[in-house]
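Student: I have a structure open in front of me and would like to look closely at one part of it. Could you walk me through its charged pairs, and then show me what lies around them?

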Amino acid sequence: MSWDFEQLQQQARDEILKAGDPQELENCRIKYLGRKGVVQEIYAGLAQLSKEEKPRVGKDANDLKNFIGGLLDEQGEKIREGQEKKKPRLDVTLPGVQPPLGRRHVLTQIIEEVCEIFKGLGFVVEEGPEVETEFNNFTALNIPVDHPSRDAFDTFYLNLADPGQKDRNLLLRSQTSPVQIRVMKKNKPPLAVVAPGKVYRPDAVDATHSFMFHQIEGLLVDKKVTFAELKGLLTEFCHRFFGKDVKMRFRPHFFPFTEPSAEVDISWDSSKKSSKKWLEIMGCGMVHPKVFESCGYKKGEYTGLAFGMGVERMAMLRYGINDIRAFYENDLRFLNQF
Amino acid sequence: MKASINWLKDYVAIDIPADKLIHRLTMAGLEVEHVEKKGGDTVFEMEITPNRPDCLSMIGIAREVSAILNKPLKKPAAKVSLPRTKTQITVKDKKACSRYIGIVVEGVKVGVSPKWLKTRIEALGLRSINNVVDITNFCLMEWGQPLHAFDYDKLGGNKIIVRRGAKGETLTTLDGEKRETGPDVLVIADNAKPVALAGVMGGENTEVTPSTKNIFLESASFDPVLIRRTVRALGLASDSSYRFERGIDSRLVKEGALRAVSLILQEAGGKITAYHDTGSVRTAAVGKIAITPDQIRDLLGADIPASRCKNILKKLECSVTGSGQSLKVAAPVFRNDLKEPVDLIEEIARVIGYDNLPSAIPQIKAVNVAPESRWDQRTAIRGIMTGLGLNEIITYTMTSGEALARAGEAGVKGIEVVNPISQDHRLMRPSTLPNILDVVLTNINRGQKDFRFFELGKVFFPGGERETLSVVMTGPRANDWLNKENRQPVNFYDLKGIFDALFQRLGIPADYNAADDGAFESGRAARILVKGKPAGTLGAVCPNVLKNCSIKHDHLLYARLDLETVYPLIGAAHRRYRRISDYPPVTRDVSLAVDKDISFADMTAGIREKSAGLLKDIVFIEEYLGEKIAGGRRGLVFSLVYQSDKRTLTEDEVQKIHDTILEDIIYRTKAVVR
């Protein structure tokens with residue numbers, strides 16, 4: 001038996017190059033390389049050849065097989081490329097199929113950012129209940145019994161008796177400061193705590209007032225904590241939160257639970273004028289000895305610093321929000337901006 | 001409190017420009033809020049903190065200026081000789097009126113005020129009325145002591161009685177309003193009628209007019225709390241009440257009266273014919289406060305020379321003895337706020353100016369507090385919920401009985417607020433649904449009908465407050481323009497999927513069973529069980545609730561989960577890594593028709609136990625409710641996944657276990673293979 005390998009090669013090449021789609025190419029593959037294909041037939045015929053002929057024809061058959069195999073791959077690649085070119089192109093400007101995007105409320109974002117800054121400085125986050133006792137919210141904070149803030153005009157009282165104090169009702173905390181009392185009654189210094197949370201005051205709702213709002217309280221107590229450290233700590237905080245270029249000032253103020261007390265003002269106005277626009281952002285001071293006394297600390301043993309800020313105010317200043325009600329309306333178009 | 005720089009110059013030499021002085025006052029704690037140039041004068045308004053009633057006068061402000069600028073303070077002195085004749089004054093309520101001075105001046109000439117007087121009081125925004133009234137106002141502003149002049153001849157019986165008002169009794173005050181007094185209000189009366197609301201405003205009936213010949217000058221001390229209540233009850237405040245509310249140095253009762261009467265004699269003439277002082281000066285011994293430079297340094301973190309401290313305190317009219325290692329300080333009587341060393345340290349610090357004190361970063365030691373807050377767990381849950389595509393909302397925590405009833409939550413009682421801000425916020429909410437529905441209504445009314453919200457907020461019960469995770473959602477299942485099917489409205493299973501994902505991520509096993517709850521649509525709600533304990537509900541909001549709340553929308557899903565039940569379980573179970581099997585899983589699909597009362601949970605209950613540990617997963621594929629299934633039945637399709645950790649399972653082995661399981665299901669549920 002003999003085969004004209006040259007002719008076979010020629011024939012296979014013509015047929016393969018003519019194949020225009022994957023099916024035609026597959027037919028070629030079956031014809032030449034299939035189980036009953038041409039190459040297989042040659043291998044089957046090798047047995048009948050003489051010893052001398054066998055190696056030569058066997059080599060020719062292998063060459064033919066490799067040649068056809070290579071050609072099939074090449075042509076296959078060409079067909080694929082051709083087909084891809086024919087496919088319509090995607091309009092990549094059509095919108096993606098977007099999974100719903102969840103966001104934290106802007107007030108939460110502010111609270112988390114502030115707490116993260118203080119956590120980075122060594123503080124831990126603590127919280128207290130929204131329903132408080134008169135003792136924790138006022139008495140222990142050195143707020144006198146006849147102080148106006150205790151009036152029903154300034155504090156919400158609940159129709160719920162204080163189990164710890166006769167003839168006293170529980171109230172909604174009007175500040176986060178009672179968390180200071182709770183922390184100090186339970187723990188001995190050193191203490192470094194930030195306490196975010198909701199507070200309540202019976203203010204009629206308008207663009208700048210809300211009967212429910214959020215505060216963040218901070219407390220650092222140890223031996224010999226100084227006013228210089230209060231300034232240093234809050235300066236560091238303001239630089240991290242508002243940016244390094246913010247101007248700050250500590251202005252003396254009055255709070256019953258701190259002495260000395262201050263309010264912190266910030267300004268982005270770089271002019272040297274003393275009349276530049278200052279915005280009040282928090283209250284702070286050195287913990288009043290009377291507060292330590294109510295928590296059972298020995299007189300003179302510790303000093304401490306405390307500060308408190310309004311979360312809504314911080315958000316309003318940062319984002320230019322001019323109506324506090326927007327935070328509680330939860331309009332989707334508002335929420336989606338943060 | 002308003003102040004005029006020109007007026008201040010009567011008492012202290014001011015050698016710096018007005019804007020510098022104003023800045024220094026602000027930085028010493030007298031925050032200037034408004035500045036106005038008036039002719040050759042600068043008038044500014046300050047916020048005086050409640051601990052500093054002594055600054056509610058020009059003398060008080062001048063004293064601060066004297067300390068800030070380190071200049072002496074010159075106070076005006078009044079020299080008046082008083083007769084022995086007493087006027088008739090009866091104080092019925094001594095607690096409410098601790099001191100009352102009355103001076104009768106006869107033969108005054110009421111007329112236009114001289115220019116100097118007009119200039120002074122008009123600078124502070126007061127209207128000039130006549131010389132006598134203007135002098136009382138001048139002294140009020142100069143000393144901070146409220147004064148009132150009555151037409152002596154119009155006082156019935158020439159008598160003054162300080163007493164409580166009576167029910168139905170009225171007085172027309174100087175502003176022309178007729179007001180009811182009542183027993184909660186302190187009045188000044190003559191023998192028949194009230195003539196002034198004590199500490200607040202005088203009455204028209206005894207007003208000093210150009211025809212007045214004889215006057216009765218009042219200078220008194222009234223209880224701050226009583227005045228505050230009167231102001232609130234009547235909705236009437238005045239320059240006098242503002243000062244009484246904050247407390248006035250009782251010595252000023254006399255000083256102010258004498259200053260006023262001396263000016264009246266000077267400007268309106270006349271003669272003092274009677275005088276009476278009912279009370280006494282508060283002479284409670286003022287204790288001395290000892291303070292050392294170490295104390296100052298330890299609190300401020302600054303070294304301030306003792307001489308500087310001494311000088312500042314003296315300028316503030318403290319008497320200071322000692323030097324060097326210990327100062328003994330007695331605060332002036334008008335400074336009730338100076339009681340302890342820290343109070344004096346604040347005085348020193350604020351006069352120097354906080355901005356002139358050093359600043360240092362604190363060295364925070366390892367903190368002694370084991371936090372009990374749920375901050376970390378809450379933050380984790382918030383992260384999961386936002387990751388699942390939900391937007392966080394924050395709602396008010398107050399509601400009303402009506403809102404609860406509308407929301408189908410009439411059964412739960414909230415805690416009453418004694419002094420609510422409005423009828424809609426009378427209760428501390430026992431459920432988040434009413435407040436959540438408010439947010440839904442707001443958004444739907446504004447045409448926003450595609451949202452997924454969650455809230456981490458509290459609900460309140462007499463036994464305590466509990467944190468709750470609430471979820472509310474509506475809109476299409478996905479904004480998927482590729483696949484119309486996905487644009488169907490969200491349903492129960494979308495909501496349940498969120499909770500499945502939450503519990504899976506927290507590593508807490510949860511079960512669900514059918515729930516009937518007023519707020520939810522019947523047959524469309526499930527109770528969430530955490531470790532077998534009910535911890536919440538999820539499902540479709542009852543259409544009636546939507547109707548009651550005027551929400552014009554056809555589907556809304558809501559869920560609430562009590563986090564106090566969930567929190568202790570987060571991270572409680574010790575997690576161990578389980579080696580991933582090297583051997584292939586084998587999946588067998590099951591398609592059964594089953595009675596409608598049989599749940600999927602019923603069907604799969606206990607089948608893992610029958611698989612010799614080889615059933616690794618049950619994957620639900622489809623529920624079929626079509627007509628091709630015989631009456632009262634539904635089709636359920638799911639796959640069972642078998643896998644061993646030790647070897648490749650043979651077909652025969654899997655088939656044997658699978659047949660056992662299938663037989664068990666069919667036996668228990670009377671299911672039919674489809």
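**A close look at a salt bridge and its surroundings**

Tutor: Let's begin with a pair in chain A: A:Arg249 and A:Asp265 form a salt bridge, and their closest N and O atoms lie 2.8 Å apart. The two partners come from distant parts of the chain, with A:Arg249 in strand S7 (residues 247-252) and A:Asp265 in strand S8, 16 residues apart. Please keep in mind that this is a predicted model. Are these two residues buried or exposed? A:Arg249 counts as buried because its relative accessibility is 8%, under the 20% cut-off. A:Asp265 is buried too, with a relative accessible area of 2%.

Now stay on strand S8, which covers residues 258-267 of chain A and also holds A:Glu259. Here is a useful contrast: A:Glu259 is buried yet has no salt bridge. What is the nearest side chain of opposite charge to A:Glu259? That side chain is B:Arg335, 7.1 Å away. A salt bridge requires the nitrogen and the carboxyl oxygen to be within 4 Å. Leaving aside neighbours within four places in sequence, A:Glu259 is in contact with A:Met286 and A:His288 from its own chain, and with B:Leu299, B:Val342, B:Asp343 and B:Glu346 from chain B.

The backbone deserves a glance here as well. A cis peptide bond joins A:Glu259 to A:Pro260, with omega about -5°, and A:Pro260 also sits in strand S8. In general, most peptide bonds are trans. Chain A has another cis bond for you to find, from A:Pro189 to A:Pro190, where omega is near 5°. A:Pro190 belongs to the loop between helix H7 (178-186) and strand S5 (191-200).

The contacts of A:Glu259 with chain B residues lead us to the interface. In total, 102 residues of chain A are in contact with 88 residues of chain B. Together the two chains bury about 7800 Å², and 59% of that is on carbon and sulfur atoms. How many salt bridges are counted between chain A and chain B? The count is 8. One to look up is A:Glu112 with B:Arg382, whose side chains meet at 2.7 Å, N to O. Polar contacts across the interface come to 38 residue pairs, both residues being at pLDDT 80 or more. On the side of chain A that touches chain B, helix H8 (residues 227-242) gives the most, with 8 residues. By class, that side of chain A has 51 nonpolar, 24 polar and 27 charged residues.

A loop residue of chain A also reaches its partner chain. A:Pro148 lies in the loop between helix H6 (134-137) and strand S3 (157-161), and its contacts beyond four places in sequence are A:Asp154 and B:Arg228. A:Pro148 counts as partly exposed because its relative accessibility is 31%. The loop between H6 and S3 also holds A:Asn142, which has a positive phi of about 65° although it is not a glycine.

Next, let's cross to chain B and return to charged pairs. B:Arg335, the nearest opposite charge to A:Glu259, belongs to a network of salt bridges. Which other residues are linked in that network? They are B:Arg52, B:Asp54, B:Arg63, B:Glu64, B:Lys75, B:Glu317, B:Asp337, B:Glu347 and B:Arg350. Within it, B:Asp54 forms a salt bridge with B:Arg63, the closest N and O atoms being 3.8 Å apart. Both partners are buried: B:Asp54 has a relative accessible area of 10%, and B:Arg63 has a relative accessibility of 6%.

Another chain B pair to compare is B:Glu169 with B:Arg163, a salt bridge with its closest N and O atoms 2.8 Å apart. B:Glu169 is buried at 16% relative accessible area, and B:Arg163 is buried at 18%. Over all chains, the count comes to 63 salt bridges.

To gather the picture: in strand S8 of chain A, A:Asp265 pairs with A:Arg249 in strand S7, whereas A:Glu259 is buried without a salt bridge. Try selecting A:Glu259 first, and then its listed contacts in both chains.

How values were computed. Residues numbered from 1 in each chain as written. Chains lettered and ligands numbered in written order. Predicted model: local features only at pLDDT ≥ 70, side-chain atom pairs only at ≥ 80, totals over all residues. Heavy atoms only, no water. Contact = heavy atoms within 4.5 Å. Buried area = accessible area lost by both parts, 1.4 Å probe. Polar contact = N/O pair within 3.5 Å; in protein donor to acceptor, adjacent residues only side chain to side chain. Helix = DSSP H or I, 4+ residues; strand = E, 2+ residues; numbered from the N terminus. Nonpolar A, V, L, I, M, F, W, Y, C, P; charged D, E, K, R; others polar. Buried < 20%, exposed > 50% of the residue type's maximum accessible area, 1.4 Å probe, protein only. Lys, Arg positive; Asp, Glu negative; His and termini not counted.
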